[in-house]
Amino acid sequence: MLNRQAMLQHLRTHAPVIAPSMLKCDFGDLHREVRALDAAGFPLLHLDVMDGHFVPNLSYGPMVIRSLRPLTETPFDAHLMISDPARYLDEFLDAGCECVTFHVETVSDPGELLERIRQRDAVAGLAVNPDTSLDAVRPWLDACDLLLMMSVHPGFGGQAFLPEVLPRVREIRELAPDGLIISMDGGISERTIADCAAVGSDVFVAGSAVFDQPDYAAARRSLSAQAASAQVSMEKSG
Ligand code: DX5
Ligand code: ZN
């Protein structure tokens with residue numbers, strides 16, 4: 001497992017990072033899915049955790065992630081769409097996640113939780129919904145390693161990309177300290193990824209755009225090429 005510094009370096013080395021969202025995968029055969037994603041060369045797996053409370057859907061928790069861990073060396077980013085991330089944080093770290101991302105909407109003091117993640121030598125991620133003011137995240141840009149900007153309302157795969165998120169990402173990229181990793185999640189596709197890269201995103205979470213394709217490697221190459229052609233990212237600033 002990569003520690004925080006090694007994981008940050010891994011993400012920089014592989015930019016633009018296309019991260020498959022493990023929500024539209026075949027849950028009946030996760031072993032095969034993980035093998036196929038590895039063979040296709042994805043450098044990060046995005047694990048969508050939903051509690052049926054913060055979002056109106058349920059997915060899986062640390063037990064499932066723990067059982068995935070021995071199947072691959074590819075790093076995990078757990079995207080916690082749960083109301084009480086402080087309570088479960090250690091379980092996700094213990095399950096083998098190199099990065100844990102929780103929502104700013106769910107906690108009164110994001111700084112405390114971000115620090116807990118860093119103290120465990122993991123990458124600290126903060127996620128923000130499309131309709132949450134950027135005022136909520138601005139104070140924490142130095143305290144987090146990765147900012148996950150939602151480009152759909154979280155809860156379901158396959159939703160339409162919200163283009164109004166693009167100026168928000170541009171604003172954050174301008175304000176962000178060098179090296180902050182910006183990730184976008186929701187509706188990322190061949191049609192939208194170049195716009196996301198152009199405003200400064202580094203990591204692109206893709207569910208439908210990977211799992212609805214017969215050839216995962218071809219999907220990764222094509223998304224990655226489109227992102228690379230438009231990218232203005234941490235590479236430029238840091
Ligand atoms: C949405 C999840 C996303 C989603 C992405 O709540 O956080 O990761 O599964 O799926 P697509 O790419 O289909 O929008
Ligand atoms: Zn997600």
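**Exercises on ligand 1 and its surroundings**

In this predicted model, a polar side-chain atom of His79 lies 3.3 Å from an oxygen atom of ligand 1. Local features need pLDDT of at least 70 and side-chain atom pairs pLDDT 80 or more, whereas totals for chains, interfaces and linings use all residues; side-chain values use heavy atoms, without hydrogens and water. Residues are numbered from 1 along each chain as its sequence is written, with chains lettered from A and ligands numbered from 1 in the order in which they are written.

**Exercise 1.** Identify the polar contacts of ligand 1 with His79, Asp185 and Gly207, and state how far the ligand is buried.

*Solution.*
1. A polar contact is a pair of N or O atoms within 3.5 Å; within protein, one must be able to donate a hydrogen and the other to accept it, and residues adjacent in sequence count only if both atoms are side-chain atoms.
2. The His79 pair, at 3.3 Å, has been given above.
3. The side chain of Asp185 places an N or O atom 2.7 Å from a ligand oxygen.
4. Gly207 contributes a polar backbone atom, also 2.7 Å from an oxygen of ligand 1.
5. The protein buries 99% of the 380 Å² that ligand 1 exposes when taken alone (Shrake-Rupley method, 1.4 Å probe; for residues, only the protein chains shown count as cover).

**Exercise 2.** Describe the shell around ligand 1 by secondary structure and by residue class.

*Solution.*
1. Strands 2 (45–50), 3 (76–81) and 8 (203–206) are the elements that each give two or more residues to the shell; strands (E, at least two residues) and helices (H or I, at least four) are DSSP runs numbered from the N terminus.
2. Strand 2 supplies the largest share, three residues.
3. By class, the shell holds eight nonpolar, ten polar and two charged residues. Here Ala, Val, Leu, Ile, Met, Phe, Trp, Tyr, Cys and Pro count as nonpolar, Asp, Glu, Lys and Arg as charged, and the others, Gly among them, as polar.

**Exercise 3.** Locate the cis peptide bond and the non-glycine residue with positive phi.

*Solution.*
1. The cis bond joins Ala15 and Pro16, with omega about -5°.
2. Pro16 belongs to the loop between helix 1 (4–13) and strand 1 (17–20).
3. Asp121, although not a glycine, has a phi of about 65°.
4. The loop between helix 5 (110–119) and strand 5 (123–128) contains Asp121.

**Exercise 4.** State how many helices and strands the chain has, and give its spans along the principal axes.

*Solution.*
1. The chain has ten helices and eight strands.
2. Its C-alpha trace spans about 40 × 40 × 35 Å along the principal axes.
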